[in-house]
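Visitor: I am new to this structure and would like a close look at a single part of it. Please take the last two helices and what surrounds them, and say how they are placed and what holds them to other parts.

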Amino acid sequence: MRYFVVDPHSGQKFGPADLELLGRWAAEGRLTAHSTLEDVATGQRVYAAEIPGLRVNEVAPPMPGGSGPYEAPPQAYVPVDEAQKEANAAWIWFAVGLACCGLFGYPMSIIAANRAEALGNQNAKVAKILSIIFLVLSTLGLILFVIGLANS
């Protein structure tokens, strides 16, 4: 079975993780007996201590450099290729925006960059920022062009 780990503070889900990975997180102190897990298939939430075969401590040791197990929560498991594909797509859509279709390419770049960030890839941040800037400039340029046509 596979589970998401649910951060009690933010509600953010990490995973999915199988029993082996959950066991490693428990050994690192990232998972305690009272950690909330959500079954990927059913969405049912249970405490980690209720999972057969999962060995967890009652109280987690402090994380290095932090004050508790959620200072550095487990990173979401996402295949690297998926996050990188979204970052690449952000740059490709940005290039499309530059080449011909700014009002279409830039929003698509922003969407792809947001997906890449959600999957843990921060490399698309620059594409996102540039796309926002160029989208605003393209929109202003189009508005000025229409105003110029109306006045002539």
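Guide: What follows starts with the whole chain, goes on to the last two helices, and ends with a few places elsewhere for context.

The model is predicted, so local features need pLDDT of at least 70 and side-chain atom pairs count only at pLDDT 80 or more, while totals for chains, interfaces and linings use all residues. Residues are numbered from 1 along each chain as its sequence is written, and side-chain values use heavy atoms, with hydrogens and water left out.

The protein chain has four helices and four strands. These are DSSP runs numbered from the N terminus, helices being H or I runs of at least four residues and strands being E runs of at least two. Along the sequence the pattern reads β-β-α-β-β-α-α-α. Of the 152 residues of the protein chain, 33% count as buried. Buried means under 20% relative accessible area, exposed means over 50%, and partly exposed is in between, using a 1.4 Å probe and protein chains only.

Now the part in question. Helix H3 covers residues 102–118, and helix H4 covers residues 125–151. The axes of H3 and H4 come within 8 Å and cross at roughly 155 degrees. Axes here are lines fitted to C-alpha atoms, for helices over the stretch in contact, and angles run from 0 to 180 degrees between N-to-C directions. H3 and H4 are therefore roughly antiparallel to each other. That word applies to angles over 145 degrees, whereas under 35 counts as roughly parallel, 65 to 115 as roughly perpendicular and the rest as oblique. The crossing of H3 and H4 is left-handed, a term used if the near helix is turned anticlockwise from the far one by less than a right angle, with right-handed used if clockwise.

Between H3 and H4 runs a loop that contains Gly120. Gly120 counts as exposed, at 55% relative accessibility. Its C-alpha atom is separated by 6.7 Å from that of Ala83, and the two residues are 37 apart along the chain. In helix H4 sits Val126, which is partly exposed at 47% relative accessibility. Val126 and Ala90 are 36 residues apart in sequence and 9.5 Å apart in space, C-alpha to C-alpha.

Next come the charged pairs. Side chains of opposite charge can pair when their charged atoms come close. A salt bridge here is a side-chain nitrogen of Lys or Arg within 4 Å of a carboxyl oxygen of Asp or Glu, and by this rule the count comes to four salt bridges. One of them joins Glu117 and Lys128, with the closest N and O atoms 3.5 Å apart. Glu117 lies in helix H3 and Lys128 in helix H4, so this pair ties together parts that are 11 residues apart in sequence.

Another salt bridge is formed by the side chains of Arg115 and Glu86, at 3.5 Å from N to O. Arg115 lies in helix H3 and Glu86 in helix H2 (residues 80–99), so the pair ties together parts that are 29 residues apart in sequence. Arg115 is partly exposed, with 44% relative accessibility, whereas Glu86 is buried at 13%.

There is also a nonpolar patch on the surface, formed by Ile129, Ile132, Ile133, Val136, Leu137, Leu140, Ile143, Leu144 and Ile147. Together these residues have about 820 Å² of accessible area, computed by the Shrake-Rupley method with a 1.4 Å probe, where for residues only the protein chains shown count as cover. Patches are made of residues with over 30% relative accessible area and no salt bridge, joining like charges within 9 Å and nonpolar side chains (Val, Leu, Ile, Met, Phe, Trp, Tyr) within 5 Å. Ile147 is placed in helix H4 and is partly exposed, with a relative accessible area of 44%.

For context, here are some places elsewhere in the chain. Arg45 and Glu38 form a salt bridge, their closest N and O atoms being 2.9 Å apart. Arg45 is partly exposed at 45% relative accessibility, while Glu38 is buried at 9%. Gly23 lies in helix H1 (residues 19–27), and the C-alpha atoms of Gly23 and Arg55 are separated by 6.5 Å. Asp7, in the loop between strand E1 (3–6) and strand E2 (13–17), is buried with a relative accessible area of 7%.
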